[in-house]
Amino acid sequence: MEIGGWADETFGGVADVFRDNFTEFGELGTAVSVRVGGRPVVELWGGVADQRSGRPWTRETVVPVFSCAKGLVSICAHLLAQQGRLDLDAPVATYWPEFAAVGKERITTRMVLGHRAGVPVLDRTPSFAEIAEWAPVVHAVEEQVPLWEPGEAYEYHGHVFGFLVGEIIRRVTGLTPGRFFREAIGEPLGVRAWIGLPASETGELARLVEAEGRPAGDPQSLLMRIVTMNGALVFPGLDEPHGWNDPELLGMELPGAGAVASASGLAALYGAAVTGIDGGSRLLSTETVTDAVREVSAGPTWQGFDLGQRWGSGFLLDSEHPRPMLGGRSFGNDGAGGQFVFGDDEFGVGFAYVANRMIGHGDDRANRLVTALRACLKG
């Protein structure tokens with residue numbers, strides 16, 4: 001398998017694991033990027049971006065990264081809090097008055113970021129066109145009765161997370177979350193990451209494939225219900241109309257799970273968050289990161305599952321399973337196909353792994369790379 005890019009000598013262990021993953025896991029196309037102290041130390045890519053044509057993966061290749069999108073909107077929310085424009089502990093209704101209905105009056109932005117708001121899915125089933133329009137989903141969120149007393153339990157909020165935090169961002173800034181991310185962060189930093197992929201970038205888009213035997217998941221789990229309580233799959237798969245390989249879907253703003261990015265773009269984003277890049281100042285202050293990595297949710301969920309996750313405000317935290325990182329200052333998100341990104345300001349690291357062969361949340365490809373990175377940092 002031809003591998004492109006480079007790794008600093010100190011980080012050769014990451015390169016070794018990246019190469020081995022093709023053999024161990026049957027990688028199709030993939031990339032890993034690491035920044036330390038704002039400087040790129042690993043930029044590796046390999047395989048094919050599109051299995052049909054054999055188009056090779058390059059540094060510029062972008063791919064859907066699913067729930068890594070939550071990291072983009074969470075960074076936006078923390079940046080607004082840092083600027084004094086958003087109080088994460090104030091009721092959402094402070095910024096979005098219509099939200100204060102049917103038991104949601106006390107819900108705060110932090111409850112949403114920590115998956116404790118009680119609205120992980122919706123009773124209504126919005127159509128593809130309604131989701132693309134944004135406002136109908138917002139109205140459905142306003143009408144939704146919480147499934148539990150807000151703040152008293154937690155359950156992963158899937159797509160609703162993105163629409164809820166995204167609407168708060170829109171109420172504060174006047175911009176949809178995808179536009180705010182690009183104008184405030186993406187374009188100034190030059191990072192290849194979008195919530196709503198522009199048509200000009202579709203030529204660099206990798207095509208997703210399902211790994212053989214990929215776990216289907218429990219259809220009764222809220223994790224599998226995408227948006228609605230009745231489990232209707234508004235997004236039916238990869239290659240069917242409106243699936244995750246459809247540029248029309250990827251061009252929509254789906255801030256809970258619809259980001260498209262390159263590995264180098266995501267590593268640069270998290271590197272900028274914790275140290276700054278290219279001589280610039282850090283995006284998030286030490287105090288802001290301290291607030292983000294304070295544990296908000298852990299242990300059994302409302303449904304009674306305990307998958308080992310620990311959640312801060314909008315981010316996964318370091319845990320033995322399923323996503324070990326570097327330590328107590330690490331924060332990130334993973335995606336449904338195995339993608340994984342995180343930052344850590346103690347070690348000055350921005351890390352990103354992306355791939356187009358979908359295995360699943362928490363699969364070991366990225367974990368092996370992080371283990372190698374940890375060993376390289378310790379020297």
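**Entry 1: Asn-356**

I count two residues as in contact when heavy atoms lie within 4.5 Å. With that in hand I opened this model, which is predicted, and went to Asn-356. Leaving out residues up to four places away in sequence, I found that Asn-356 touches Leu-28, Gly-29, Val-48, Ala-49, Trp-57, Val-63, Ala-206, Arg-207, Leu-208 and Val-209.

Where does Asn-356 sit? I placed Asn-356 in the loop between strand E14 (349-355) and strand E15 (357-358). I then looked up its accessibility: Asn-356 has a relative accessible area of 0%, so I noted this residue as buried. One of its contacts has a polar side to it: the side chain of Asn-356 reaches the backbone nitrogen of Gly-29 at 2.8 Å.

**Entry 2: Ser-74**

Next I turned to Ser-74, which belongs to helix H2 (residues 69-82). Is Ser-74 buried or exposed? Its relative accessibility is 0%, so Ser-74 goes down as buried.

I looked for what surrounds this serine. Apart from neighbours within four places in sequence, Ser-74 is in contact with Leu-113, Phe-161, Ser-313, Gly-314 and Phe-315. For Gly-314 I wrote down a distance as well: its backbone oxygen is 3.1 Å from a polar atom of the Ser-74 side chain.

**Entry 3: two more loop residues**

I looked up Ser-281 and found it in the loop between helix H9 (263-274) and helix H10 (286-292). Ser-281 is exposed, with a relative accessible area of 69%. Setting aside neighbours within four places in sequence, I listed Ala-272 and Gly-276 as the contacts of Ser-281. I also checked Ser-281 against Gly-38: they are 243 residues apart along the chain, and their C-alpha atoms are separated by 9.8 Å.

Thr-202 came next, in the loop between strand E6 (193-195) and strand E7 (209-210). How accessible is Thr-202? At 33% relative accessibility, I recorded Thr-202 as partly exposed. Again without neighbours within four places in sequence, Thr-202 is in contact with Leu-197 and Pro-247. A polar atom of the Thr-202 side chain lies 3.0 Å from the backbone oxygen of Ala-199. I also checked Thr-202 against Glu-133, 69 residues apart along the chain, and read 21 Å between the C-alpha atoms.

**Entry 4: the cavity**

How many cavities of 30 Å³ or more does a search of the whole structure find? I have one on my page. The largest cavity has a volume of about 40 Å³.

I wrote down the residues of its lining: Ala-31, Glu-43, Leu-44, Trp-45, Trp-57, Thr-58, Arg-59, Thr-61, Ser-262, Ala-263 and Ser-264. By class, I noted five nonpolar, four polar and two charged residues in that lining. Trp-57 was already in my notes as a residue that Asn-356 touches.

Which element gives the most to the lining? Strand E3 does, with three residues. Strand E3 (39-50) and helix H9 (263-274) each supply at least two residues.

**Entry 5: cysteines**

How many disulfides does the structure hold? I found zero. To see why, I took Cys-68: the closest cysteine sulfur, in Cys-76, is 15 Å from the sulfur of Cys-68, too far for a bond. The cut-off I used for a disulfide is a pair of cysteine sulfur atoms within 2.5 Å.

I checked accessibility too. Cys-68 is buried at a relative accessible area of 0%, and Cys-376 also counts as buried, at 12%.

**Entry 6: backbone notes**

I went over some backbone angles last. Which residues does the cis peptide bond join? I read His-321 and Pro-322, with omega about 5°. Pro-322 lies in the loop between strand E11 (316-317) and strand E12 (330-334).

Phe-66 caught my eye with a positive phi of about 50°, although it is not a glycine. I located Phe-66 in strand E5 (residues 63-66). At 6% relative accessibility, Phe-66 is buried.

His-242 also has a positive phi, near 70°, in a residue other than glycine. I found His-242 in the loop between E7 and helix H8 (247-250). With 25% relative accessibility, His-242 is partly exposed.

Technical notes: Residues are numbered from 1 along each chain as its sequence is written. This is a predicted model: local features need pLDDT of at least 70, side-chain atom pairs count only at pLDDT 80 or more; totals for chains, interfaces and linings use all residues. Side-chain values use heavy atoms; hydrogens and water are left out. Buried means under 20% relative accessible area, exposed over 50%, partly exposed in between (1.4 Å probe, protein chains only). On a 1 Å grid over the protein atoms alone, a cavity is a set of points where a 1.4 Å probe fits but cannot get out, and a pocket is an open set with protein on both sides within 12 Å along at least five of seven lines; lining residues have an atom within 4 Å of a point. Grid points are joined across faces, edges and corners, and a volume is the space filled by probe spheres set on the points. Helices (H or I, at least four residues) and strands (E, at least two) are DSSP runs, numbered from the N terminus. Ala, Val, Leu, Ile, Met, Phe, Trp, Tyr, Cys and Pro count as nonpolar, Asp, Glu, Lys and Arg as charged, and the others, Gly among them, as polar. A polar contact is a pair of N or O atoms within 3.5 Å; within protein, one must be able to donate a hydrogen and the other to accept it, and residues adjacent in sequence count only if both atoms are side-chain atoms.
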